[in-house]
Amino acid sequence: MWKVWAVSFDSENVTKYLNESFERALSLLDAESRQRINRFYHKEDAFRGLIARLLPRVLLEELNIPYPSATFQITDAGKPYVTLESHQPLGFNLTHDNGLIAMVYSTGEDLFLDAPAYRLGVDVMRLRLPHRQSLPEFIEIFSEQLTPLEQRMLQPSPQKRTRKRWD
């Protein structure tokens, strides 16, 4: 069974926390995670990335799993998971965009198809079509990241008219 956690992110108030709290929270992460977060150009994006990277650690705390007993890893397909000394592996996937940060996670047999966390995925994205781009053109750009079902669900039916731009 999988579960989802979501965090609402208020960028209007984030500047209050950008300095001391950000640096303190960043120090809780491994070197690779810190490096990835520091690559963000906009500090708000870095803050969202930081919160996302902290969510699995908060989950371990919530499950009463000591952090030192956890080893963060990724599958060959790039899916993150955690091996644990005395528990089943924990698979998770993270996403963040605009005002939302989310994590899906699961433990146990739900994870295993070909590799841990293979079945888990979550994504959020603020959908705003670039000026002068139609919805079908926009979907085509992301077609490699969408399953065939997702592509069909996003395509407008012939009966529906779509606006050139979404706001």
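The legends below describe close-up views of a predicted model, beginning with the whole chain and then turning to single regions.

**Figure 1. Overview of the chain, with its five helices and five strands.** Followed along the sequence, these elements come in the order β-α-α-α-β-β-β-β-α-α. The chain has 167 residues, and 32% of them count as buried. The surface that the chain exposes comes to about 11,600 Å², of which carbon and sulfur atoms supply 50%. Among contacts with a separation of 6 or more, 52% are between residues that stand 24 or more positions apart.

**Figure 2. The antiparallel strands E3, E4 and E5.** Strand E3, which covers residues 80-84, is joined by two bridges to strand E4, which covers residues 90-97, and the two run antiparallel. Within this pairing Val-82 stands opposite Leu-90 of E4, and the hairpin that connects E3 to E4 passes through five residues. Strand E4 also pairs in the antiparallel sense with strand E5, residues 100-107, and here the pairing extends over eight bridges. One of the residues to look for in this pairing is Leu-94, whose bridge partner in E5 is Met-103. The hairpin of E4 and E5 has two residues between the strands, and in this hairpin Asn-98 takes a positive phi near 50 degrees. When tracing the strands, it helps to remember that in a regular strand the side chains alternate between the two faces of the sheet.

**Figure 3. The aromatic pair of Phe-22 and Phe-47.** The structure holds four aromatic pairs. In the pair formed by Phe-22 and Phe-47, the ring centres are 5.7 Å apart and the planes make an angle of 40 degrees, an arrangement described as tilted. Phe-22 belongs to helix H1 (residues 20-26) and Phe-47 to helix H3 (residues 43-62), so this pair ties together parts of the chain that are 25 residues apart in sequence. Phe-22 counts as buried because its relative accessibility is 0%, and Phe-47, with a relative accessible area of 12%, is buried as well.

**Figure 4. The aromatic cluster of Tyr-67, Phe-72 and Phe-92.** Within this view, Phe-72 and Phe-92 form an edge-to-face pair, with 6.1 Å from centre to centre and 75 degrees between the planes. The pair links distant parts of the chain, since Phe-72 lies in strand E2 (residues 70-74) and Phe-92 lies in strand E4, 20 residues apart. Phe-72 counts as partly exposed because its relative accessibility is 28%, whereas Phe-92 is buried, with a relative accessible area of 5%. Together with Tyr-67, these two residues make up one aromatic cluster. The view also includes Arg-57, which lies over the face of Phe-72 at 4.4 Å from the ring centre.

**Figure 5. The surroundings of Ser-33 in helix H2.** Helix H2 spans residues 31-38, and Ser-33 is one of its residues. Ser-33 counts as buried because its relative accessibility is 2%, which falls under the 20% cut-off. The side chain of Ser-33 makes a polar contact with the side chain of Asp-30, at 2.9 Å. If neighbours within four places in sequence are left aside, Ser-33 is in contact with Arg-53 and Arg-57. Arg-57 therefore appears in two of these views, being in contact with Ser-33 here and lying over the face of Phe-72 in the previous figure.

Conventions
Residues numbered from 1 in each chain as written. Predicted model: local features only at pLDDT ≥ 70, side-chain atom pairs only at ≥ 80, totals over all residues. Heavy atoms only, no water. Helix = DSSP H or I, 4+ residues; strand = E, 2+ residues; numbered from the N terminus. Buried < 20%, exposed > 50% of the residue type's maximum accessible area, 1.4 Å probe, protein only. Polar contact = N/O pair within 3.5 Å; in protein donor to acceptor, adjacent residues only side chain to side chain. Contact = heavy atoms within 4.5 Å. Areas by Shrake-Rupley, 256 points an atom, 1.4 Å probe, with all protein chains shown as cover. Pairing = 2+ DSSP bridges. Phe/Tyr/Trp six-rings, centres within 6.5 Å; stacked < 30°, edge-to-face > 60°. Lys NZ or Arg CZ within 6 Å of the ring centre and 35° of its normal.
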